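Q: I'd like a close look at one part of this protein, and then a walk outward from there. Keep it informal, please.

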Amino acid sequence: MLQKTRGIVLNHISYAESSLIVRIYTEDFGLQSYIVKGARSKRSGMRVSMFQPMTLLQLVVYHRNNRDLQNIREVSIEEPFHSIASDLRKSTVSIFLAEIIYKAIKEHEANKELFDFLASSLNFFNIQSEGIENFHLYLLVMLSRFMGLQPLLGDAGNHSFFDLREGKFSASQPLHTEYLQGKASFGLYALTITSASELGSLKIDKPTRDELLNALLLYYQIHLHGMGSIKSLEVLRAVFS
């Protein structure tokens, strides 16, 4: 029953008088919900501050298969993300991405490749000084690969249009309205071939960035059942306005 694993906090809610229910994407068990008793008590060793969105944790947990609510025995922060916590732009992006990941990932199964990608991306984001305004777009595009939604190059690598319904670039305009074209289509293509370390050199103006964000959210909503609206979206828009 007692297992060690790493985890990335996605969200938490208050429970009873002083406890929390925390949703964590774990390295070994996928998406799990944990009850943290007494976390809002001043004497607790498991503080609320340890369970902020996108915090990377080391966990010792009591794990039972097919149980909806698990228990944590021990917890520690693996890597303090001081820059993310102190930078309003970064903390807002983290909250937004945590909500996206929570709604996109349904599996209670391990996916080490996805976990490693998220953990390494967070470590990079913490030290990143340029291209912060593009990071959430980059992660949405990269995450789509793990969701089976990777944008396809389509016919001969022509990037004039991107069909949100079909999930591919095309030389011809789709016969519906859910597509990108021009600068937005090329911007999406650039994101698919850009590494995190190159985000600072990626030139996407604000109107195009806003169009890309709206399109990527629609793309997820079209292809992933239950995505719904994103509550943190308006805060993200306000911070980067």
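Is asparagine 66 buried or exposed, and what is its relative accessible area?

A: Quick caveat before we start: this is a predicted model. With that said, asparagine 66 is exposed, with a relative accessible area of 82%. The cut-off for that label is over 50%, so 82% qualifies as exposed. As for where to look, asparagine 66 sits in the loop between strand 4 and strand 5 (70–77). Its backbone deserves a glance too: phi of asparagine 66 is near 65°, which is a positive value in a residue other than glycine.

Now step back along the chain to methionine 54, which also has a positive phi, about 70°, although it is not a glycine. Methionine 54 is in a loop as well, the one between strand 3 (30–36) and strand 4. Its surroundings are another story: methionine 54 has 3% relative accessibility and therefore counts as buried, whereas asparagine 66 is exposed.

Strand 4 covers residues 56–62, and tyrosine 62 belongs to it. Tyrosine 62 has a relative accessibility of 32%, so it counts as partly exposed. It also has company on the outside: Met1, Leu2 and Tyr62 make up a nonpolar patch on the surface, and together they have about 290 Å² of accessible area.

For contrast, have a look at a couple of helix residues. Leucine 118 is part of helix 3 (residues 112–127), and because its relative accessibility is 2%, it counts as buried. If you ignore neighbours within four places in sequence, leucine 118 is in contact with Ile8, Tyr25, Ile101 and Leu139. One of those partners, Ile101, falls in helix 2 (residues 88–104). If you want a distance to check in your viewer, try the C-alpha atoms of leucine 118 and serine 14: they are 26 Å apart, with the two positions 104 residues apart along the chain.

The other helix residue is threonine 192, in helix 5 (residues 182–192). Threonine 192 is buried too, at a relative accessible area of 14%. Leaving out residues up to four places away in sequence, threonine 192 touches Val141, Met142, Arg145 and Pro151.

So much for single residues; here is the whole protein around them. There are seven helices and eight strands. The radius of gyration is 19 Å, close to the 18 Å that the globule rule gives for 241 residues, so the protein is as compact as a globular protein of that length. Along the principal axes, the C-alpha atoms fill a box of roughly 60 × 35 × 30 Å. Of the 241 residues, 51% count as buried; methionine 54, leucine 118 and threonine 192 carry that label. The accessible surface comes to about 12100 Å², and carbon and sulfur atoms account for 50% of that area. Sequence separation is worth a look as well: among contacts between residues at least 6 apart in sequence, 60% join residues at least 24 apart.

Finally, how confident is the predictor? The average pLDDT for the protein is 92, and 98% of the residues score at least 70. Among the elements, helix 2 has the highest mean pLDDT, at 97, and strand 7 (residues 168–170) has the lowest, at 91.

Key: Residues are numbered from 1 along each chain as its sequence is written. This is a predicted model: local features need pLDDT of at least 70, side-chain atom pairs count only at pLDDT 80 or more; totals for chains, interfaces and linings use all residues. Side-chain values use heavy atoms; hydrogens and water are left out. Patches are made of residues with over 30% relative accessible area and no salt bridge: like charges are joined within 9 Å, nonpolar side chains (Val, Leu, Ile, Met, Phe, Trp, Tyr) within 5 Å. Accessible areas come from the Shrake-Rupley method with a 1.4 Å probe; for residues, only the protein chains shown count as cover. A salt bridge is a side-chain nitrogen of Lys or Arg within 4 Å of a carboxyl oxygen of Asp or Glu. Helices (H or I, at least four residues) and strands (E, at least two) are DSSP runs, numbered from the N terminus. Buried means under 20% relative accessible area, exposed over 50%, partly exposed in between (1.4 Å probe, protein chains only). pLDDT is the predictor's confidence in each residue, from 0 to 100. The radius of gyration is taken over C-alpha atoms; the globule rule is 2.2 Å times the number of residues to the power 0.38. Contact means heavy atoms within 4.5 Å.
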